[in-house]
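These are my notes from going through one structure, entry by entry. I wrote down what I looked up and what I found.

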Amino acid sequence: MIQLTRIDGTPVALNADLVERVETDEYTVVTLVEGTRYVVVEPTEVVIERMVQFRASILVAADHLAHTPQQPAGPRL
């Protein structure tokens, strides 16, 4: 999820995997794959950077999990 700010100042968290496009005219408009549009105050470059950081954090977490020894599961209750 990436956190952005709507025009009215309220925060909105969007699933970065569902972003289809980011456009800038007077405002920045983030369009999701199903067609929902969000008008946000962050410029396009910031939205893209947050998406890149989000995806990078997933790769780092996956790498960490791949190299962390798994503990045996405890008894089920």
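Entry 1, the loop before the helix. I started at V41, which I place in the loop between β5 (37-40) and α1 (44-66). The model is a predicted one, and I read every value below as computed from it. I looked up the exposure of V41 and found a relative accessible area of 46%. I therefore list V41 as partly exposed, since that class lies between the 20% and 50% limits.

Entry 2, the surface patch. I asked which residues form a nonpolar patch on the surface together with V41. They are I7, Y27 and V39. With V41 included, the accessible area of this patch is about 320 Å².

Entry 3, the sheet. I traced an open sheet of three strands and noted the order as β3-β4-β5, with antiparallel pairing. The edge strands are β3 (19-24) and β5, as each of them pairs on one side only. From one strand to the next, I noted an average twist of 20°. As a reminder to myself, strands of a sheet pair through backbone hydrogen bonds, in either a parallel or an antiparallel way.

Entry 4, one strand pair. I then took β4 (residues 28-32) with β5 and asked how many bridges join them. I found four, and the two strands run antiparallel. Within this region I checked T31, and the residue standing opposite T31 is R37 in β5.

Entry 5, the helix on the sheet. I looked up how α1 is placed and found that α1 lies across β3, β4 and β5. Relative to β3, the helix runs at about 155°.

Entry 6, T44. I asked whether T44, a residue of helix α1, counts as buried or exposed. T44 has 15% relative accessibility and so counts as buried, the limit being under 20%. I also listed what T44 touches, leaving out residues up to four places away in sequence: V22, E23, T24 and T28.

Entry 7, salt bridges. My count of salt bridges came to four. One of them joins D17 and R55, with the closest N and O atoms 3.4 Å apart. D17 lies in the loop between β2 (11-14) and β3, while R55 lies in helix α1, so this pair ties together parts that are 38 residues apart in sequence. I looked up the exposure of both partners. D17 counts as partly exposed at 48% relative accessibility, and R55 also counts as partly exposed, at 35%.

Entry 8, the network. I asked which residues are linked with R21 in a network of salt bridges. They are E20 and E23. For R21 and E20, I noted 2.6 Å between the closest N and O atoms. For R21 and E23, whose side chains meet in a salt bridge, the N to O value is 3.2 Å. I then went through the exposure of the members. R21 is partly exposed, with a relative accessible area of 36%. E20 is partly exposed with 45%, and E23 is partly exposed with 38%. I cross-referenced E23 to Entry 6, where E23 is among the residues that T44 touches.

Technical notes: Residues are numbered from 1 along each chain as its sequence is written. This is a predicted model: local features need pLDDT of at least 70, side-chain atom pairs count only at pLDDT 80 or more; totals for chains, interfaces and linings use all residues. Side-chain values use heavy atoms; hydrogens and water are left out. Patches are made of residues with over 30% relative accessible area and no salt bridge: like charges are joined within 9 Å, nonpolar side chains (Val, Leu, Ile, Met, Phe, Trp, Tyr) within 5 Å. Accessible areas come from the Shrake-Rupley method with a 1.4 Å probe; for residues, only the protein chains shown count as cover. Buried means under 20% relative accessible area, exposed over 50%, partly exposed in between (1.4 Å probe, protein chains only). Two strands pair if DSSP finds at least two bridges between them. Axes are lines fitted to C-alpha atoms, for helices over the stretch in contact, and angles run from 0 to 180 degrees between N-to-C directions. Contact means heavy atoms within 4.5 Å.
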